[in-house]
There are 4 protein chains.
Amino acid sequence: MEDAPPPAARRRKEARPQEVLEAALDTFVGRGFAATRMEDVARRAGVAKGTLYLYYASKEALFEAVVQAMLGTTIARLEGDLGESPLSAGDRLRAVAQGMAGIIGDPRRAALPKLVIANAGSFPGLARFYYREVVCRGLGLIGRILAHGVATGEFRAIDPTVHARLFVAPVLMGAVWQTTFAAVEETSVPPADLLHAHVELFLRGLAPGAADAPAGERS
Amino acid sequence: MEDAPPPAARRRKEARPQEVLEAALDTFVGRGFAATRMEDVARRAGVAKGTLYLYYASKEALFEAVVQAMLGTTIARLEGDLGESPLSAGDRLRAVAQGMAGIIGDPRRAALPKLVIANAGSFPGLARFYYREVVCRGLGLIGRILAHGVATGEFRAIDPTVHARLFVAPVLMGAVWQTTFAAVEETSVPPADLLHAHVELFLRGLAPGAADAPAGERS
Amino acid sequence: MEDAPPPAARRRKEARPQEVLEAALDTFVGRGFAATRMEDVARRAGVAKGTLYLYYASKEALFEAVVQAMLGTTIARLEGDLGESPLSAGDRLRAVAQGMAGIIGDPRRAALPKLVIANAGSFPGLARFYYREVVCRGLGLIGRILAHGVATGEFRAIDPTVHARLFVAPVLMGAVWQTTFAAVEETSVPPADLLHAHVELFLRGLAPGAADAPAGERS
Amino acid sequence: MEDAPPPAARRRKEARPQEVLEAALDTFVGRGFAATRMEDVARRAGVAKGTLYLYYASKEALFEAVVQAMLGTTIARLEGDLGESPLSAGDRLRAVAQGMAGIIGDPRRAALPKLVIANAGSFPGLARFYYREVVCRGLGLIGRILAHGVATGEFRAIDPTVHARLFVAPVLMGAVWQTTFAAVEETSVPPADLLHAHVELFLRGLAPGAADAPAGERS
DNA sequence: TATGAATGAGGTTTCATTCAT
DNA sequence: CATGAATGAAACCTCATTCAT
């Protein structure tokens, strides 16, 4: 005799919390927290309204669980890419970009930034938490790579804090873009192309070139 | 000779719709459309609940009026910058960046992108409208400058469609950032610094430099 | 020189209360008391909302004034017909019917019964008042004529109280009918025809005929 | 063997919609549609405000359901009486009167005419619908009986269309009367007496008697 | 006297949450 | 565990009434 009879029905039951989370994520992203009704989530998850409360104590708790679940894997992914490596700073930026591409390639994970941005006002703790756990760590990682590149002379002298943000911006924007304008966009650019162009442009811009900037600058 | 006798009380009356719009914008941006209560808007505008309905037929109508009002000035600003000029492509990009800086320097106008992003799900027409009226026109303007620079050899050969997005991303991101993380940010970067660094990095990256990319690899 | 300059503008001013009453009556009859908005009445009367309150202290007061105004003339009319006369009972009933025809011929006056019926629930005093002032007096008048006819042998022996109601019913019904179904009726019967047929039928039915009822049965 | 286990609590649950309808009817009749608050209906039905919306989508929908429910049985009753029979026209009118007495004997059913009359203004479709489904059919039935009586010589020559209305008027009026003046009436006449007197008077009046009308007519 | 912008109490409706089955 | 009928707090919106002009 086996230890348990998980013949399809049981398996479903154990996957419930996960299915609920996914249904909730989709609805929260599509409609925003306030406009999402628990019944919508329940229907999408294929369970009854009351069942949601067996797993999550309230709508807020469900929302936080959604963010946590996404953060968990996102952070893990970032941490994985954080490991030191013998590559050049440029190649390490390329590797980070690859990792980010993987993340925003998964629509479910790409939705997180928008979720945070759209609901930070209603969840005071959310912005702070996301900022500390994701933004700081992400910017820190990139900043360190940039600083290293500057130190070795691979990059020209720039402020790593500032340029870390510049490096991240198109990725974040791309993620938000997808979940907002994808449906109405006429001429769409594949995220992969965008990311590739971004990295090359970025690295060229950092190259310790001759003078300061090409033409007649100042600002 | 005065045109009319506006004795302080009258002036207030005529400014009502505008005051309501500003109060509504602030609240919608802070809490999102659904979580905003009409009473909050009224209190912030210093009027009674019912007064809102003298000017706007419903919460939705108020929201749309807010977006329209912001769009109006934003579009006008963009159109102004659209004028052809004898400057180099690089300097024209710098001018556009200046214009954008002016826009996101006004907190009220900087709030529009977040408003659209956060509520596109609940207002199907909103994303489409904003995309057509602002995104397309903005990207088109920048794309044309880029294409011109490529044609004259001022820039290396890049895809204007793709790089227009890259040019805009940090600006948009900055605007969204401000209204989302400003309160919790530890080490903030002045938007002006960010924008300046961005433009310089961008122009360096576009310079028709020697080889392809500085160091070894490829993606 | 005249005593006052009432050149059309002044005359209008003095007629205001009456115009307001008429506008109110029309609206109350059409929509019911609760569904009538003061602004509707004002617009129909051609005055501003606030002006109504110069003449009537509240919506309820306006409603009561409407009823009073209608009652006044209605009662007066009835009283006029109440005068004793040398006619036969039958001819006096015919005269009363004439009077009623005059009343329900004026759409404004015909509307009163419906107004009372539809709003008696919301105005506890209204039913009582109308019953005392109109119903009782009307039924009393007719009852006395019937009793007189019975006493003189002009009519067979019937209960004047009961038959007074039977005499009034088609008139009331006709008045209510007009303001309720007139717009949707396919085959309408002119009120005058209806009334004439009613009186003749009624008088024939009262004639001290041979047996009890024409044909065989029982009750 | 029982079909199901309805242990007193369950029975209550299934009767909910019906209980709500009855509570709503009573309140609508007493106060009119506009003056009725959903909370009143809920309290009278012994449920919470929100519960009403489980069964009826809106206040209007509830009102229409009330009318429908009443109409259903009323129409059925009328149809039942519509069956051809071998009786004389007079006896068939008596039978119809009996049927009507049954209807207005049930206070709930007697309330329908008043409901329609009082709210036709706010529900444009209501008057039309009621007219077609009840008034036309009722008048048609009676008109056919009258026409038959005229054809067989049982009645004198009258216009069936006109006299059908005269036949119905006291019944309708009685129904409306009950729900409007019952509480304030001093000398009330039992509806049954009224109806009986009406039918006898009506039949006498239709008898193909000697001349036209007894005494000195003409209008 | 007349106006109509402003007010806010009160009504309809929604929906997160509970609990008996 | 799972359900979904029931609840009632809270939000949107209307409109009778007031009052500065």
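Student: How much area do chain B and chain A bury between them?

Tutor: Good place to start, and keep in mind that this is a predicted model. The size of an interface is often given as the accessible area lost when the parts come together. Carbon and sulfur atoms give 69% of the area buried here. In total, chain B and chain A bury about 5300 Å².

Student: Which residues of chain B lose the most area to chain A?

Tutor: The contact takes 60 residues from chain A and 59 residues from chain B. Three residues of chain B stand out, together making up 14% of what that side buries. They are B:I117, B:L201 and B:R204.

Student: How many salt bridges does the rule find across the interface of chain B and chain A?

Tutor: Here is one you can look up: the side chains of A:E185 and B:R165 meet with N and O 2.7 Å apart. That distance falls within the 4 Å cut-off, so the pair counts as a salt bridge. Between chain B and chain A there are also six residue pairs in polar contact, with both residues at pLDDT 80 or more. As for salt bridges across this interface, the rule finds two.

Student: Which helix of chain B gives the most residues to the side that touches chain A?

Tutor: Several helices of chain B supply at least two residues each, among them helix 1 (9-31), helix 5 (89-105) and helix 6 (107-119). Helix 7 (124-151), helix 8 (160-181) and helix 9 (191-206) belong to that list as well. The top contribution is 13 residues, and it comes from helix 8.

Student: How do the residues on that side of chain B divide into nonpolar, polar and charged?

Tutor: We are still on the side of chain B that touches chain A. Its residues fall into three classes. The division is 32 nonpolar, 12 polar and 15 charged.

Student: Now for chain C and chain D: what area is buried between them?

Tutor: Chain C brings 60 residues to this contact and chain D brings 62. Carbon and sulfur atoms account for 69% of the buried area. That area is about 5300 Å².

Student: Which three residues supply more than any other three of the area that chain C buries against chain D?

Tutor: Look for the trio that gives 15% of the area on the chain C side. These residues are C:I117, C:L201 and C:R204.

Student: Which residue of chain D forms a salt bridge with C:E185?

Tutor: Across the interface of chain C and chain D, the rule finds two salt bridges. In the one you ask about, the closest N and O atoms are 2.7 Å apart. The partner of C:E185 is D:R165.

Student: How many residues does helix 8 of chain C give to the side that touches chain D?

Tutor: Chain C and chain D have six residue pairs in polar contact, both residues being at pLDDT 80 or more. The elements of chain C that give two or more residues to this side include helix 7 (124-151), helix 8 (160-181) and helix 9 (191-206). Helix 8 gives the most, and its count is 13 residues.

Student: Let's turn to the DNA. Which residues come nearest to DNA strand E?

Tutor: Around DNA strand E there are 32 residues. Sugar and phosphate make up 73% of the strand's atoms that come within 4 Å of the protein. The nearest residues are A:M38, B:T51, B:Y55, C:T51 and D:Y53.

Student: How far does a backbone N or O atom of C:A48 lie from a phosphate oxygen of DNA strand E?

Tutor: For A:T36, a backbone N or O atom lies 3.2 Å from a phosphate oxygen of this strand. A:R37 uses its side chain instead, with an N or O atom 3.4 Å from a phosphate oxygen. For C:A48, the backbone distance is 3.1 Å.

Student: And which residue has a polar backbone atom 2.7 Å from a phosphate oxygen of DNA strand F?

Tutor: DNA strand F is surrounded by 32 residues, and of its atoms within 4 Å of the protein, 76% belong to sugar or phosphate. The backbones of A:A48 and B:T36 each place an atom 3.1 Å from a phosphate oxygen of this strand. The residue at 2.7 Å is C:M38.

Conventions
Residues are numbered from 1 along each chain as its sequence is written. Chains are lettered from A and ligands numbered from 1 in the order in which they are written. This is a predicted model: local features need pLDDT of at least 70, side-chain atom pairs count only at pLDDT 80 or more; totals for chains, interfaces and linings use all residues. Side-chain values use heavy atoms; hydrogens and water are left out. Contact means heavy atoms within 4.5 Å. Buried area is the accessible area (1.4 Å probe) that two parts lose on being put together, summed over both. A polar contact is a pair of N or O atoms within 3.5 Å; within protein, one must be able to donate a hydrogen and the other to accept it, and residues adjacent in sequence count only if both atoms are side-chain atoms. Helices (H or I, at least four residues) and strands (E, at least two) are DSSP runs, numbered from the N terminus. Ala, Val, Leu, Ile, Met, Phe, Trp, Tyr, Cys and Pro count as nonpolar, Asp, Glu, Lys and Arg as charged, and the others, Gly among them, as polar. A residue is near a molecule or strand if one of its heavy atoms lies within 4 Å of it.
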